[in-house]
Amino acid sequence: MGKNIVILAVIVTAADRVGVESAKSRGKNYEDLRHQVERLWTSPDAKKARRRMGKNLRKTIGRARKSVLGN
């Protein structure tokens, strides 16, 4: 398990570095990227999708509990 976490951390770090370099080469700065992420996070469609995913996750967890507990 620890090995998988280290591999994941390396991949995330590499992806971050590639993204930063890509953004710099296109002339974007961190503020532009931050605003894009903020706009995406606060969009009504994204909020609906997150709410729907949460509802589906709660249903799935409930079904898994019932199957494990045998109720």
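## A walk through a three-helix chain

Let's begin at E38, a residue with a relative accessibility of 40%, so it counts as partly exposed. The model you're looking at is a predicted one, so keep that in mind as we go.

What does E38 do with its side chain? It meets the side chain of R34 in a salt bridge, with 3.0 Å from N to O. Both E38 and R34 sit in helix α2, which covers residues 30–42, and they're four residues apart, or about one turn of the helix. R34 is partly exposed too, because its relative accessible area is 40%, and that value falls between the 20% limit for buried and the 50% limit for exposed. As a rule, side chains of opposite charge can pair when their charged atoms come close.

How many salt bridges does a search of the whole structure find? The count is two. Besides the E38 and R34 pair, there's one that joins the side chains of D16 and R17, at 3.9 Å from N to O. D16 has 42% relative accessibility, so this residue also counts as partly exposed.

Now step back and look at the chain as a whole. You'll find three helices and zero strands, and reading along the sequence gives the pattern α-α-α. The chain has 71 residues, and 6% of them count as buried. About 6,600 Å² of the chain is exposed, with carbon and sulfur atoms supplying 63% of that area.

Next, follow the chain into helix α3, which takes in residues 44–69. From its first C-alpha to its last, α3 reaches 37 Å, close to the 38 Å expected for its 26 residues at 1.5 Å a residue. Is this helix well covered or hardly covered? It's hardly covered: among the 26 residues of α3, the count of buried ones is two. Just after α3 comes G70, which takes a positive phi of about 75°.

One more stop before we finish: K47, which has its place in α3. Which residues gather with K47 in a patch of positive charge on the surface? They are K48, R51 and R52. K47 itself has 38% relative accessibility, so it counts as partly exposed. That's also over the 30% relative accessible area asked of residues in a patch.

How values were computed. Residues numbered from 1 in each chain as written. Predicted model: local features only at pLDDT ≥ 70, side-chain atom pairs only at ≥ 80, totals over all residues. Heavy atoms only, no water. Patch = residues over 30% accessible without salt bridge, like charges linked within 9 Å, V, L, I, M, F, W, Y side chains within 5 Å. Areas by Shrake-Rupley, 256 points an atom, 1.4 Å probe, with all protein chains shown as cover. Salt bridge = Lys/Arg side-chain N within 4 Å of Asp/Glu carboxyl O. Lys, Arg positive; Asp, Glu negative; His and termini not counted. Charge placed at Lys NZ, Arg CZ, Asp CG, Glu CD. Buried < 20%, exposed > 50% of the residue type's maximum accessible area, 1.4 Å probe, protein only. Expected span 1.5 Å × (residues − 1).
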